[in-house]
Amino acid sequence: MSEKLVSLVTGASRGIGRAIAIELARRGHVVLVNYHARQDAADAVVAEIHRAGGHAISVQGDVSRTEDRRKLVERAVEFGGRLDVLVNNAGITSPGRHDLLDATEQNWDQVLGTNLKGPFFLAQLAARRMVEFVRAGTIPSGKIINISSISAYAMSTDRADYCIAKAGMAAVTALLADRLALENIQVFEVCPGIIATDMTAPVREKYDTRLAEGLVPLRRWGQPEDVARVVGAIVADSLPYCTGERINVDGGFHIRRL
Ligand code: NAP
């Protein structure tokens, strides 16, 4: 199976990660569908990929845990014989959404561990393997795609830990892009806006209203597939002279307006 590109997508059982896994499989990639707790959901993604003629496996793993990160990279290489793409998508919102003045160290550790430390050290592991594969001629190039958020710069005072973690993704992306450029590995930060997934289900009504009022120029919810199509463009080598780039997938939310 080693002629097919191999992609590892974290948090691919639901939402944005699910759509990315399906998009990459549609493009012929062998996909490792990582999940944390919802094996049923991950297996359903794998079954959908198989029905369409693709190749995928589901693998449990908590990206905040060192051993699990090792397992994910090794299982991807075992399954597909190489590693071409890492999509750092898994993420959690701030548990309980406490006001900044009530924010806890426990939540900080959980959110930063999952949304920032985990992706950084997973990228480090994946990059080491990609460098070996590129130097050996097993793969022509590698790609690391970090799913960040508009919360990297648009502050919510009831989710300080989440905003800080996503802001850190910009530095993670720039550092990796600089270090890995000569290894023929491109690194991107993708910033989704307000996307209809389980994560935003609890605030759906609030954003229905705010979207109708014009919060986002394109005036609609983003869909997971909107993000997946951008990841598809990156892996299709449609951005060959870019690295360290932030790509907004937000219906124009990032535009400063009067
Ligand atoms: P979601 O619907 O809540 O899905 C989260 C996914 O991450 C699930 O597959 C979940 O696995 C997995 N996951 C959670 N904790 C994990 C861990 N410790 N290790 C491995 N996997 C873990 O979330 P989403 O809305 O698709 O968000 C995906 C990414 O996009 C996140 O990084 C999020 O911050 C970012 N984002 C989302 C939005 C939005 O509006 N939805 C906007 C901007 C950025 P299980 O199914 O096993 O629980």
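Asn146 is buried in this predicted model, with a relative accessible area of 0%. The residue belongs to strand E5, and a polar contact of 3.0 Å joins its side chain to that of Asn88.

## Strand E5 and its partner

Strand E5 spans residues 142-147 and is mostly covered, since six of its six residues are buried. The cover extends to both faces of E5: Gly142, Ile144 and Asn146 are buried on one side, and Lys143, Ile145 and Ile147 are buried on the other. Strand E4, residues 85-88, runs parallel to E5 and is joined to it by four bridges. Within this pairing, Leu86 has Ile144 of E5 as its bridge partner.

Ile144 also serves as a reference point for a residue elsewhere in the chain. Lys71 is separated from Ile144 by 73 residues in sequence, and their C-alpha atoms are 18 Å apart in space. Lys71 itself sits in helix H3, which covers residues 66-80. With a relative accessibility of 33%, Lys71 is classed as partly exposed.

## The ligand site

The ligand is surrounded by 32 residues, of which Ser13, Ala37, Arg38, Tyr162 and Thr197 come nearest. By class, this shell comprises 13 nonpolar, 14 polar and five charged residues. Three elements, helix H1 (15-26), strand E2 (30-35) and helix H5 (160-180), each contribute at least two residues to the shell.

Polar atoms of the protein approach the ligand at several points. An oxygen atom of the ligand lies 2.8 Å from a backbone N or O atom of His36. For Arg38, the distance from a backbone N or O atom to a ligand oxygen is 2.7 Å. The side chain of Asp62 places an N or O atom 2.8 Å from a nitrogen atom of the ligand. Taken alone, the ligand exposes 910 Å², and the protein buries 95% of that area.

## Cysteines

The structure contains zero disulfides. Cys191 takes part in no disulfide, and the nearest cysteine sulfur, belonging to Cys163, is 12 Å away. A disulfide requires two cysteine sulfur atoms within 2.5 Å, so a pair at greater separation does not count. Cys191 is buried, with a relative accessible area of 0%. Cys242 is likewise in no disulfide; for this residue the nearest cysteine sulfur is that of Cys191, at 15 Å. Cys242 is partly exposed, with a relative accessible area of 25%.

## Loops and backbone conformation

Two arginines in loops have a positive phi. Arg97 has a phi near 40 degrees, a positive value in a residue other than glycine. Its place is the loop between E4 and helix H4 (105-136), and its relative accessible area of 27% makes Arg97 partly exposed. The phi of Arg219 is near 50 degrees, again positive in a residue that is not glycine. Arg219 lies between helix H6 (204-212) and helix H7 (224-235), in the loop that links them. Its relative accessible area is 53%, so Arg219 is exposed.

The loop containing Arg97 can also be related to the one that follows E5. Thr157 is located in the loop between E5 and H5 and is exposed, with a relative accessible area of 53%. Although Thr157 and Arg97 are 60 residues apart along the chain, their C-alpha atoms are separated by 8.8 Å.

A further pairing in space involves strand E3. His55 is found in this strand, which covers residues 55-60, and at 30% relative accessibility His55 counts as partly exposed. The C-alpha atoms of His55 and Ala25 are separated by 6.8 Å, with their positions 30 residues apart along the chain.

The C-alpha separations described above are collected here.

| Residue pair | Separation along the chain | C-alpha distance |
|---|---|---|
| Lys71 and Ile144 | 73 residues | 18 Å |
| Thr157 and Arg97 | 60 residues | 8.8 Å |
| His55 and Ala25 | 30 residues | 6.8 Å |

How values were computed: Residues numbered from 1 in each chain as written. Predicted model: local features only at pLDDT ≥ 70, side-chain atom pairs only at ≥ 80, totals over all residues. Heavy atoms only, no water. Buried < 20%, exposed > 50% of the residue type's maximum accessible area, 1.4 Å probe, protein only. Near = heavy atom within 4 Å. Polar contact = N/O pair within 3.5 Å; in protein donor to acceptor, adjacent residues only side chain to side chain. Areas by Shrake-Rupley, 256 points an atom, 1.4 Å probe, with all protein chains shown as cover. Nonpolar A, V, L, I, M, F, W, Y, C, P; charged D, E, K, R; others polar. Pairing = 2+ DSSP bridges.
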